[in-house]
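Student: I have a chain open on my screen and want to go through it bit by bit. Can we start with a term, then look at the parts?

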Amino acid sequence: MAAPGLRAALPPLSFPLTDIPLLPGSPRRLSPRAVARGDRGPKHGQQYLKVPCPQAPGQQGRSGQQGSSDGESGLASGGGSSCSGSVINNYLDTNEPVSSEARRSRMHFHDNQRKVDYVLAYHYRKRGVHPGQGSPGQSLAIVSNGETGKEPHPGGHSDIELGPLDALEEEKKEQREEFEHNLMEAGLELEKDLENKSQGFVFVRIHAPWQVLAREAEFLKIKVPTKKMYEIKSEGSIAKKFNELLQKLSSPLKPRVPDHSNNKMKNLSYPFSREKMYLYNVQDKDTFFDNATRSRIVHEILKRTACSRANNTMGINSLIANNIYEAAYPLHDGEYDSPGDDTNDRKLLYQEWARYGVFYKFQPIDLIRKYFGEKIGLYFAWLGLYTSFLIPSSVIGVIVFLYGCATIEEDIPSKEMCDQQNAFTMCPLCDKSCDYWNLSSACGTAKASHLFDNPATVFFSIFMALWATMFLENWKRLQMRLGYFWDLTGIEEEEEHSRPEYETKVREKMLKASGKSVVQKLGTNTTENEDEDDEDKLTWKDRFPGYLMNFASILFMIALTFSIVFGVIVYRITIAAALSLNKSTRSNVRVTVTATAVIINLVVILILDEIYGAVAVWLTKIEVPKTEQTFEERLILKAFLLKFVNAYSPIFYVAFFKGRFVGRPGSYVYVFDGYRMEECAPGGCLMELCIQLSIIMLGKQLIQNNIFEIGVPKLKKLFRKLKDETEPGETDSAHSKHPEQWDLDYSLEPYTGLTPEYMEMIIQFGFVTLFVASFPLAPVFALLNNVIEVRLDAKKFVTELRRPDAVRTKDIGIWFDILSGIGKFSVISNAFVIAVTSDFIPRLVYQYAYSHNGTLHGFVNHTLSFFNVSQLKEGTQPENSQFDQEVQFCRFKDYREPPWAPNPYEFSKQYWAILSARLAFVIIFQNLVMFLSVLVDWMIPDIPTDISDQIKKEKGLLVDFFLKEEHEKLKLTDEPAQRSLGGGRRSRSRAPSWAPSGQSQPGSIASSGSQHTNV
């Protein structure tokens, strides 16, 4: 590779039409389209570097002839020819020895100076080589018309007829060449390998020189630190001492990483401007913009660079969607497990964050933000706050559970149920095969229900509703604090480009409207219709079929979920009836049916979750959203709706519907002929709700969230490795032993977004808040899962995924609205769980309205109604009853009039009194908790007071600093002007000396060419 000084000394070259500068290995296209496009010569100011290579004896004449015919003597290379090592506009054949000195880093071009900011990867196949066909065995040559084959015989030259696959590859190659040419016109510098094999992968390395970075940073309004630093206002003396003590106590929990956010001093930030370079402390132009910012700038250029040959599509995403390129990604900062003392941000993140051994440490949020960008930094900050907030709720939940354990022996209703002297003879649980039974046989269920159905759960539900509000308020405050330290305050929404699918639909609409065929449209000059393309868009009429399909599909999916829940209900009813026929299994019917049904529900939920995720993506695609942000928001809403219904529908059934439509003895409700609707256990449905909730929650966390996240990526990686090993083609043994960083990153899993991570935590948040009244230990299991989840996600991002593009954003977007909605809905759901599912209200009504001594003595008898067994329908009486005594009346759990009443088996006054109390409790509970939530929201300001003061202070300081620098600039410019009046031309020649050291004059950056300058 030529040195930068040599490159700078070479003047721009001009080529005639027949000598177009080609990419290495590119064909000389003889088609009319290529001739029409051939007038694109090098632009003014763009430098083309051509390094001649030594020629072997006997090749001099042939190379000269080819050079005169092709204009690129360095491109024609025979097998083993050293002429393949030409460099044209930073394009390089890496098979050629570049330099005797060692490579400084695998993050740079082969000149050891220019940093690789982005990588494009694509697979190529030479003409005549079909998939599954390896190297032809002869030495390959790129001949004058770009064909790859055997060495051409002298005097025998003829064109090879293109097959369908060859034509497709040729078209892709032309589109890549045009796109890369447009990237170079935008000022980027590219380096790539020659396509000197029959087929293989090529990596296009992209470097953004300083003038491009400066131009794009100004265009994107990227905030950068100025020279001015100021002291952050400290708290009062008491708060300051408490904070210092807290810092000392928590020092063992802090990761050992550089402190990127100094809590005492902060730089003033200002959007980058090339005209105000004197504001910034530009000591080294190579490191002024960090790697994440550099890759973000290159990605923005890639997104807006057009390719007219690819139907005038806009951006790299469209080309990847059309398989022109296979991948585009920024590089990781080296290896995370490299031996030695060399450190990089990736290695530091792995050691202090992405290992399970450091689970007790805080997250290095600032380093995460620096490496991955603000969007991913905010996710991990949110996850960390959520996990830390689970600690107090877990402690309170354990206390509530222990309270239930401590008072289990003092619970009067449980004692009455377990007392065999009461001898409550219960009605049969099924027809014919089921016998009468004593209520004391359900003693264990009654005691277990008390663990979760006690007065403490009511207060825990109120606490969790306030907890959810406090969590969201504290997140808003943390979000503002991070926004202040990360310079996110006042950033504008970036303009988004249209998605490739949207562009395709608009183009199809225009073709249909104009009456032209696709061939005619592609043959015309597409640039003439660019204005029309901008004006045209898809209306609601164009999207109506997609909307209709969305509506119908979502209804179908919800109906499918409900039907599966109903199918599990039928399974429970039929299995319970079947097990009741056998005496050996009759005693364990309820436990067996409940456990197996919950496992079936869990398996179905896991399967449907994967299906619904894919369906949500498909439905969003046919809706054709215009931008990626709109696509992501609509996808999130659909996926959340489907997964919410899928995860919670079995739980909602047990909580609010099971046992409500059973009927009564003598008038039961039957699903099918002979199969009665299932009833709740004698202790109520709350215990079964707890079992259902715990198994589904733990099962999702263990199987879906952890095993799938760990196992599936490893299987994909193994599959890709086996596929690469089995694919035919030439491999470079030296290259495989020392792979480059872009090779290592390409083998990683592509980054697909944060939606799965957020969705997983949002569903868990629902388990923690929606039904916490029935399962106080839910926050404990969520906390244990999240301690592992943080490190699991960290390890995945650091070691298993390609580096994501850095995205600047001020908040977590639509996820906050979903969290807020779940928090409000949890108040209603917990109110109904306490009022309807538990026995809290019936006990309260009995104690204060019907009890003779104000206690719960006699409560069980009060909840049981009488039934005359002689009124059982024919054929439903127990066969061969083995009950010890003759039964005249049996009991069942309901509030109905006795058989001797004027209106037998009608709902009693107690039923209506308890129903009224339940509704009143729901209204009071909901309004009380909502009022307390609003009060908490009002008491906790969204923006911390100190941050609000600092933002105001920063604005004033920025104005003062700006005026001071402008004044200094004017003073410096006035002095040379005054001296020039007396000193003449000599003094005027020294006028630019006011410019700071190591810094160009304003305006010189944009005109300094495409050279990389070290300062």
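Tutor: One term first: helices and strands here are DSSP runs, numbered from the N terminus, with at least four residues for a helix and at least two for a strand. By that rule Lys893 lies in strand E18, residues 889-893. Keep in mind that this is a predicted model.

Student: Is Lys893 buried, exposed or partly exposed?

Tutor: Lys893 counts as partly exposed, because its relative accessibility is 42% and partly exposed covers the range between 20% and 50%.

Student: What does Lys893 touch, leaving out residues up to four places away in sequence?

Tutor: Lys893 touches Pro682, Gly683, Gly684, Asp839, Thr863 and Leu864. In addition, the C-alpha atoms of Lys893 and Val860 are separated by 9.1 Å, with their positions 33 residues apart along the chain.

Student: Back up a step. How many helices and strands does the chain have?

Tutor: The chain comes to 32 helices and 18 strands. It has 1015 residues, and buried ones make up 49% of them.

Student: And what about contacts across the sequence?

Tutor: Take the contacts between residues at least 6 apart in sequence: 79% of these join residues at least 24 apart.

Student: What surface does the chain expose?

Tutor: About 49400 Å², with carbon and sulfur atoms supplying 58% of it.

Student: Which residues does UniProt list as "transmembrane region"?

Tutor: The unreviewed UniProt entry lists several spans under that name, including 379-403, 456-472, 547-573, 593-619 and 761-784. Such annotations may be inferred rather than shown by experiment.

Student: What is the secondary structure of residues 547-573?

Tutor: Residues 547-573 are 100% helix and 0% strand, and the end C-alpha atoms lie 39 Å apart. Residues 593-619 are also 100% helix and 0% strand, with 37 Å between the end C-alpha atoms.

Student: How far apart are the end C-alpha atoms of H14?

Tutor: They are 45 Å apart, which agrees with the span expected for 31 residues at 1.5 Å a residue. After H14 comes Asp487, whose phi is positive, near 60 degrees.

Student: And H15, how does that one do?

Tutor: H15 covers residues 500-514, and its 15 residues should span 21 Å; the end C-alpha atoms are 21 Å apart, so the two agree. Its buried residues are Pro500, Tyr502, Glu503, Val506, Arg507, Met510 and Leu511.

Student: Why would residues three or four places apart point the same way in a helix?

Tutor: Because an α-helix has 3.6 residues a turn.

Student: Change of topic. How many aromatic pairs are there in the whole structure?

Tutor: A search finds 56 aromatic pairs. One of them is Phe471 with Phe765: the ring centres are 6.0 Å apart and the planes are at 40 degrees, so the pair is tilted. Phe471 is in helix H14 (residues 455-485) and Phe765 in helix H25 (residues 755-770), so the pair ties together parts that are 294 residues apart in sequence. Phe471 and Phe765 are both buried.

Student: What about Phe907 and Trp912?

Tutor: Their ring centres are 6.1 Å apart with the planes at 80 degrees, so that pair is edge-to-face. Phe907 is partly exposed at 32% relative accessible area, and Trp912 is partly exposed at 47%.

Student: Which charged residue sits over the ring of Phe907?

Tutor: Arg896, whose charged end is 4.3 Å from the ring centre of Phe907. Elsewhere, Arg803 lies over the face of Tyr371, 3.9 Å from the ring centre.

Student: Where is Pro779?

Tutor: Pro779 is in helix H26, residues 778-800. It is buried, with a relative accessible area of 0%. Leaving aside neighbours within four places in sequence, Pro779 is in contact with Leu390, Ser393, Ser394, Phe460, Met464, Val768 and Val772. Pro779 and Ile396 are 383 residues apart in sequence, yet their C-alpha atoms are 9.3 Å apart.

Student: You gave a positive phi before. Where else should I look?

Tutor: Most residues other than glycine have a negative phi. Asn112 has a positive phi of about 65 degrees, and it is found in the loop between helix H3 and strand E1. Val624 has a positive phi of about 55 degrees and lies in the loop between helix H20 and helix H21.

Student: Are those two buried or exposed?

Tutor: Asn112 is buried, with a relative accessible area of 7%. Val624 counts as buried at 7% relative accessibility.

Technical notes:
Residues are numbered from 1 along each chain as its sequence is written. This is a predicted model: local features need pLDDT of at least 70, side-chain atom pairs count only at pLDDT 80 or more; totals for chains, interfaces and linings use all residues. Side-chain values use heavy atoms; hydrogens and water are left out. The expected span of a helix is 1.5 Å times one less than its number of residues. Buried means under 20% relative accessible area, exposed over 50%, partly exposed in between (1.4 Å probe, protein chains only). Rings of Phe, Tyr and Trp (its six-membered ring) pair if their centres lie within 6.5 Å; planes under 30 degrees apart count as stacked, over 60 as edge-to-face and the rest as tilted. A charge sits over a ring if NZ of Lys or CZ of Arg is within 6 Å of the ring centre and within 35 degrees of the ring normal. Contact means heavy atoms within 4.5 Å. Accessible areas come from the Shrake-Rupley method with a 1.4 Å probe; for residues, only the protein chains shown count as cover.
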